[in-house]
Amino acid sequence: MKTEKIIVSSLQEAVEELRKTYGDKAVVLSSRVIKRKKWWFLPFINTTLLEVTVGIPEDEEEKESFKEELEEKEKLYREIENLKRQLQEVLKDPKAQNQPVKEEEILSELEDAFSIRAQKVISRMIHKGVRKEIARKIVEDACGYDIELRKLDFKEDAFESLVESLKRHTKVEGEAIFDNPPDVMVLVGPTGVGKTTTIAKLAYLFKRKGKRVGVITLDSYRVGAVEQLKAFVKIMELPFKVADSSQELQESIRDLQDRDVILVDTAGRSQHDKIRLNELRAILEGVDPKVYLTLSANMAEFVMYESVVQFGMFPIKGLIFSKLDETSYPGNVINVAYRTKLPILCFTTGQTVPDDIVMASYEFLAKLILEEGHEP
Ligand SMILES: Nc1nc2c(ncn2[C@@H]2O[C@H](COP(=O)(O)OP(=O)(O)OP(=O)(O)O)[C@@H](O)[C@H]2O)c(=O)[nH]1
Ligand SMILES: [Mg+2]
């Protein structure tokens, strides 16, 4: 494969340029931000450009594998488009803005179809922030038709039935990760959601399960970020590396080859900051990591979708929901899990390392929606 560097103002422009010159065969391999003088006579005014490295396949076999890669990417883009459409719907619906729902309204809509106990569960779910149609669907599938009541009622115990329904409507990874740890696991997400703290908690759990753990941070931008993680890692006596570039990351991974799992922390990025997201993508290129998106449970639901869409430029393997202790409306977690079908890895429930973490399970999800909360 031949590689070439082109200077463009955006990745979009790079893709268009490639299509024009090489058709579908060429791909973007990496990109980096560069500063150029906009006008030579104004020496202090720089403009931000992207230097994009492109790969151009030379033989038939390579073309074939590029075709597959392209198809894979197209599939991903289609999924993202689909999520975007769903996001538009959510934004159109005023309930997304957490408007209070009137108890009588909910119950009057449900009383013909559901038993009283099923109605109560739906109503509780809605008060916890689960969207009405999602709560209804999850409970409907947890129920069977009771001939005597002539209504839908839980097949067995409400909790057990909900667990079964959640298995059909959401995905959970949870403890399973310890049986089959990823070689390289990267946490991405918006700023301040708790990525670094979660890495420390996960490192502890992997270690407790007898796995050999290594930790790498890519966050050398923020003052104190390296020290923050280093301190935790030192207490756990784990090897720790700091990497600044794709090459340093690959070297660090090679140095930690004897580890069962390498946890990689990244600097928080706004989901709107395309340039910094692309920088991270370029650093991760060639590593094939399992990427987990960390979202804070107290974020507005539509911001969560927005993050899923924007961070969708990484192959997201699963979701981590942090700061569950800071929300009284965990229903948004159920909504996002239901809609995106991305597996949930874990929840974090406080600032204390390593204790405040719960690996996700369907039972935990059911508890989340059945527990008493803020009800009128
Ligand atoms: N209440 C609560 N606070 C948390 C939780 N997880 C992390 N925090 C706190 O949130 C703050 C930010 O946590 P970090 O782990 O530094 O977040 P980050 O995503 O790494 O932040 P950046 O690297 O700056 O993007 C810290 O004060 C943490 O103690 C949690 O589950 N609950
Ligand atoms: Mg951090």
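Tutor: Before we start on this predicted model, one definition: two strands count as paired if DSSP finds at least two bridges between them.

Student: With that in mind, how many bridges join strand 11 to strand 12, and which residue stands opposite Leu-319 in strand 12?

Tutor: Strand 11 covers residues 316-322 and strand 12 covers residues 344-348, and the two run parallel, joined by 3 bridges. Within this pair, Ile-320 has Cys-346 of strand 12 opposite to it. Opposite Leu-319, in turn, strand 12 places Ile-344.

Student: In what order do the strands of the open sheet lie?

Tutor: The edges are a helpful place to begin, since strand 8 (240-242) and strand 13 (357-359) each pair on one side only. From one strand to the next the twist averages 25 degrees. The sheet is open, has 8 strands with mixed pairing, and follows the order 8-7-9-6-10-11-12-13.

Student: How many of the residues of strand 12 are buried?

Tutor: A residue counts as buried if 20 or more other C-beta atoms lie within 10 Å of its own. By that criterion strand 12 is mostly covered, and the number of its residues that are buried is 5 of 5.

Student: What angle does the direction of helix 8 make with that of strand 9?

Tutor: Helix 8 packs on the sheet, where the strands it touches include strand 6 (184-188), strand 7 (213-217), strand 10 (290-296) and strand 11. Strand 9 (261-265) is also among those touched, and the angle between its direction and that of helix 8 is about 170 degrees.

Student: How far apart are the end C-alpha atoms of helix 8, and how many of its residues are buried?

Tutor: Helix 8 has 14 residues (195-208), so at 1.5 Å a residue it should span 20 Å, and the distance between its end C-alpha atoms agrees, at 20 Å. The buried residues of this helix include Ile-199, Leu-202, Ala-203, Tyr-204 and Phe-206. Beyond the helix comes Gly-210, which has a positive phi near 85 degrees. Helix 8 is thus mostly covered, its buried residues numbering 11 of 14.

Student: Which element gives the largest share of the largest nonpolar core?

Tutor: That core has 81 residues, and those with the most contacts inside it are Ile-122, Ala-203, Val-215, Leu-263, Leu-319 and Phe-321. The largest share amounts to 6 residues, and the element that supplies them is helix 8.

Student: From which domains does this core draw at least three residues each, and which residues does Ala-203 touch?

Tutor: At least three residues of the core come from each of domain 2 (97-169) and domain 3 (176-360). Setting aside residues up to four places away in sequence, Ala-203 touches Val-213, Val-215, Val-233, Met-236, Leu-238 and Leu-263.

Student: Is Phe-178 buried, partly exposed or exposed?

Tutor: Phe-178 is placed in helix 7 (residues 176-179). Apart from neighbours within four places in sequence, Phe-178 has contacts with Phe-206 and Lys-209, and its C-alpha atom is separated by 9.3 Å from that of Gly-210, 32 residues apart along the chain. Because 17 other C-beta atoms lie within 10 Å, Phe-178 is partly exposed.

Student: Where do strand 4 and strand 5 pair, and which residue in the turn between them has a positive phi?

Tutor: Strand 4 (residues 143-146) and strand 5 (residues 151-154) pair in the antiparallel sense over 4 bridges, and one of the partnerships sets Cys-143 against Phe-154 of strand 5. The two strands form a hairpin with 4 residues between them, and the turn residue with a positive phi, of about 60 degrees, is Arg-150.

Student: How far apart in space are Ala-113 and Lys-151?

Tutor: Ala-113 lies in the loop between helix 3 (103-110) and helix 4 (116-127), and with 16 other C-beta atoms within 10 Å it is partly exposed. Leaving out neighbours within four places in sequence, Ala-113 is in contact with Lys-151 and Leu-152. Although Ala-113 and Lys-151 are 38 residues apart in sequence, their C-alpha to C-alpha distance is 5.3 Å.

Student: What share of the contacts in the chain with a separation of 6 or more joins residues 24 or more positions apart?

Tutor: The chain has 14 helices and 13 strands, and of its 376 residues 37% count as buried. Of the contacts with a separation of 6 or more, the share between residues 24 or more positions apart is 75%.

Methods. Residues numbered from 1 in each chain as written. Chains lettered and ligands numbered in written order. Predicted model: local features only at pLDDT ≥ 70, side-chain atom pairs only at ≥ 80, totals over all residues. Expected span 1.5 Å × (residues − 1). Buried ≥ 20, exposed ≤ 12 C-beta atoms within 10 Å, placed from the backbone. Core = buried A, V, L, I, M, F, W, Y, C linked by C-beta atoms within 7 Å. Domains from an automatic or database assignment. Contact = placed C-beta atoms within 7 Å. Axes fitted to C-alpha atoms, helices over the stretch in contact; angles between N-to-C directions.
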